[in-house]
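Colleague: I would like to go through this model with you, one question at a time. Please give your reasoning before each result.

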Amino acid sequence: MKLPEPATHISLPDGFDVLADLAFDLRSSWNQQAEEIWREIDQELWRDTGNAWLVLQTASHDRIRELWGTPRFRALVEALREDRRSSLAEKTWFQSEHAAARLGAVAFFSLEFALSEALALYSGGLGNVAGDYLKAASDLGVPLVGVGLLYQQGYFRQVIDAEGRQREFYPFNRAGQMPVAPVRDATGRWVRVRVPRPGPPTWLRAWGARVGRVALYLLDSDDPSNTPADRGITAQLYGGGDEVRLLQEMALGIGGWRLLRALGLRPEVCHLNEGHAALVTLERARDFTQETGRSFATALAATRAGNVFTTHTPVESGFDRFPSELFAAYLGAYARDELHITTGELLDLGRARPGDDREPVSMAWLATRGSGAVNAVSRRHGEVSRRIFQPLFPRWPEVQVPVAHVTNGVHVPSWSSAVADGLWSKACGPAPWARPTDEAGRPIARSSDAELWAFRAQSRSVLVDLVRRRLELQLAAAGMGEEALEAARRVLDPDTLTIGMARRFTAYKRPCLLLHDAERFARLLTDGRRPVQIVVAGKAHPRDEEGKGLVQRWIRFVRRGDVRHGAVFLADYDLRLAERLVQGVDLWLNTPRSPWEACGTSGMKVLVNGGVNLSSLDGWWAEAYRPEVGWALEGDGRDDARDAAELYGRLEREVVPAFYERDLSGLPTGWLARVRASMASLTSAYSASRTLRDYTNGYYLPAAEAFARRSAEKGALAERIVAWERAVRAHWSALRFGDVRVTTDHGQHHFAVTVYLDDMSPDDIAVELHAEGERPTLMRRDTPLVGAHGHVYVADVPDARPAAHFAARIVPRHAEAGVPLELPLVAWSR
């Protein structure tokens, strides 16, 4: 019997290395040309997995030789190689716009990345945003590197059983079946980093993936040197309890920075995609301390300038919070031996009330205190976040809490169908999304109604075919009989208004709002003249029993005999299914309870494909909605019965008529007007390209400059900022207001305020005149006080509002410090 031989002894067929190079690069996941190549190799496996690397690794060498000897296949491969070569060689947006920028690298830290089903490291929206962000960075040439974890199992796969209950399964992510490779140093040794913890050290192995121009580095704990428990740290995304979650976040933040340094990378900017990555702020400061000999306080002041923290959470309870005892147990020695601070000082960085031992450690608070900028992910979420973060900035007006916003976007080429690509290319020229401009999609408005309707009809038909095939397989797996399988082969109608609704099934997203009056909804579905059909998908968290009940409620509804032809629930919602849904549906429905939707990007994905939105006025839709681009639910989310009635009414009186009212040519001109306006005005505006340009111009470049200034001369400026902060804190309680005098004439209020400064330099503070809803007015230092250290400060403001609306306040001032982010002190005259 012949014994197995090492893979290195196998002779690979001609062309295999070329195909392997293409399959390994995840850029092929958003390239329509690539699909034909992998389909040719193994149509069934490609259809089921979308994993080019797996298709190639599974194919027989005879099959590769056969195809490689075919001129047509060779031509396809060469065309893809040439497209890749030319794309990577052309001058990028970043090179054109920021050639002289002092930005060598941005490190993007995230627990999730949704790039492709070939590398399934995500559970939902956070991963989708991160994956699309890396793809946009490749397109734009922004020097970004991703840092995450490689999970042995990732998130669960969903199966619906015969009773309609969700069941969870955790297939293994096998490295050999994913487009990742061990990261090796110059000697060929596998790069490993050590993360400090009580007891034996935890070793993390480094893997690398290629996303066009961008490198994604992933760490996993399944190292044979680790204890069995530690090998399981990266077993599951969001698996385990507080202890496992903390260890995962130590791996991401501490291990992630150590990996970058081991690779010789020194990013000027670290972008924390949620508070999960907060510990990188500590490790980066530790690294700076070790390099310069400065104190931890100075190192944090220097490095935080280069850290950007993005929060995606709409409720404070959604932040990761750890019991102080657990945090101290795992990181107390790290604080003492490596950061050279006390455990109490470490814990206080993550508390709104320093010194309160009953308060858990919030990773969001820690990330905020370690960053130079904080932002939310939509305009509405910015408003919500300023309220959530208010405890860190006591006595500051909510509107001045330093949380800005950058609205998320989607990577348009990843979600655009082949049919949509053809329409856009005809209207805008080849590869319109390669041109990073907010005007990229405008020419689509010149497409005729006939072109748009033919495009939508073809897209809907493709979706119907997919739903029928997938539903049949789903019901067969659940053990349903032949009658149910035959019915699955006939579900939906390619000429019927098709609604898509897919999301995480949890209470605040209200996935069952449509079922509030199930009979009224059933009448919509079964209307003989103007029918509606719906495709639903989504998972509930394994520990969310209420969410699982919502899934089961939909399953029971779609199995009703009167509606099952027009209502389908597809199990195991993932990137592949999401892609097909957003490409085919006419209307995307989203009904979250406001204001709990931070942004929501699923509705953005239908834009390029000619779908329109009907959504609650929350997240991105609150800023994107106009009557000419879609429909909105205007309820405040407090009364489900009222909101459901509004939803049914909107469908019955506006949406359905718009779809079915036709002109003499059979075209729904009113519907197509919305399709045209939505595609032309929203697709570019809510793209990941726009999002990344906003971050680059508004965050990364300023952060890199600020970090360069603070870190120069081994942190000399940071040292001065720390000294200034300590001096201000030492004297703050002694500051006080004296008389506040106001006179009014000639349309002006004239304020004169006496301020006693104790021994503080007047250059260290600013005195402002504040009125709610207006920008503060800086008061001018005027007469020095006689016999006391202080000054009279004066200001004139229009008398459009009563003088009593104004109050004077004292705030810290330093040209290089962020106030109130870094020093949230404020004193009021009343």
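Colleague: Where is G232 found?

Modeller: This is a predicted model, so what follows describes a prediction. Helix α9 covers residues 228-231, and α10 is the helix on the other side of G232. G232 is therefore in neither helix, and its place is the loop between α9 and α10.

Colleague: Is G232 buried, partly exposed or exposed?

Modeller: Buried means under 20% relative accessible area and exposed means over 50%, with partly exposed in between. G232 has 29% relative accessibility, so the residue counts as partly exposed.

Colleague: How far apart in space are G232 and W554?

Modeller: Along the sequence, G232 and W554 are 322 residues apart. In space, taken from C-alpha to C-alpha, the distance between G232 and W554 is 35 Å.

Colleague: Which residues is L265 in contact with, leaving aside its neighbours within four places in sequence?

Modeller: L265 lies in the loop between α10 (242-262) and β11. At 29% relative accessibility, L265 counts as partly exposed. With neighbours within four places in sequence left aside, the contacts of L265 are Y217 and L260.

Colleague: Which residues have the most contacts inside the largest nonpolar core?

Modeller: In soluble globular proteins, nonpolar side chains tend to be buried together. In this chain, the largest nonpolar core has 123 residues. Helix α27, residues 688-732, gives the most to this core, with 10 residues. The residues with the most contacts inside the core are F109, L119, F327, L331, F389 and Y700.

Colleague: What is F389 in contact with, leaving aside its neighbours within four places in sequence?

Modeller: F389 is listed among the residues with the most contacts inside the largest nonpolar core. Once neighbours within four places in sequence are left aside, F389 is in contact with F309, T311, F319, A364, W365, T368, V374, V401 and V403.

Colleague: How many residues are in the second, separate core?

Modeller: Some members can be named: L525, I534, A644 and F659 are included in this second core. The core is separate, and its size is 60 residues.

Colleague: What radius of gyration does the chain have?

Modeller: The chain has 830 residues, and a compact globule with that number would have a radius of gyration near 28 Å. The C-alpha atoms fill a box of roughly 95 × 70 × 50 Å along the principal axes. The value for the chain agrees with the globule rule, because it is 29 Å.

Colleague: What percentage of contacts between residues at least 6 apart in sequence join residues at least 24 apart?

Modeller: The secondary structure of the chain comes to 27 helices and 30 strands. Buried residues make up 59% of the chain. Among contacts between residues at least 6 apart in sequence, the part that joins residues at least 24 apart is 72%.

Colleague: Is E274 buried or exposed?

Modeller: E274 lies in the loop between β11 (269-273) and α11. Phi of E274 is near 85°, a positive value in a residue other than glycine. With 6% relative accessibility, which is under the 20% cut-off, E274 therefore counts as buried.

Colleague: What is phi of R510?

Modeller: R510 is in the loop between β17 (497-502) and α21 (518-525). At 6% relative accessibility, R510 counts as buried. R510 is a residue other than glycine with a positive phi, and the value is near 50°.

Colleague: Which residue does a cis peptide bond join to S594?

Modeller: The omega angle of this bond is about 5°. The partner of S594 has its place in the loop between β20 (587-590) and β21 (612-616). The residue is P595.

Colleague: Where is the place of P820?

Modeller: The peptide bond from V819 to P820 is cis, with omega near 10°. P820 has its place in the loop between β29 (807-812) and β30 (827-828).

Colleague: How far apart in space are Q290 and E338?

Modeller: Q290 is found in helix α11, residues 279-292. Its relative accessible area is 58%, so Q290 is exposed. Q290 and E338 are 48 residues apart in sequence, and their C-alpha to C-alpha distance is 8.7 Å.

Note on methods: Residues numbered from 1 in each chain as written. Predicted model: local features only at pLDDT ≥ 70, side-chain atom pairs only at ≥ 80, totals over all residues. Heavy atoms only, no water. Core = buried A, V, L, I, M, F, W, Y, C linked by side-chain atoms within 4.5 Å. Buried < 20%, exposed > 50% of the residue type's maximum accessible area, 1.4 Å probe, protein only. Helix = DSSP H or I, 4+ residues; strand = E, 2+ residues; numbered from the N terminus. Contact = heavy atoms within 4.5 Å. Rg over C-alpha atoms; globule rule 2.2 N^0.38 Å.
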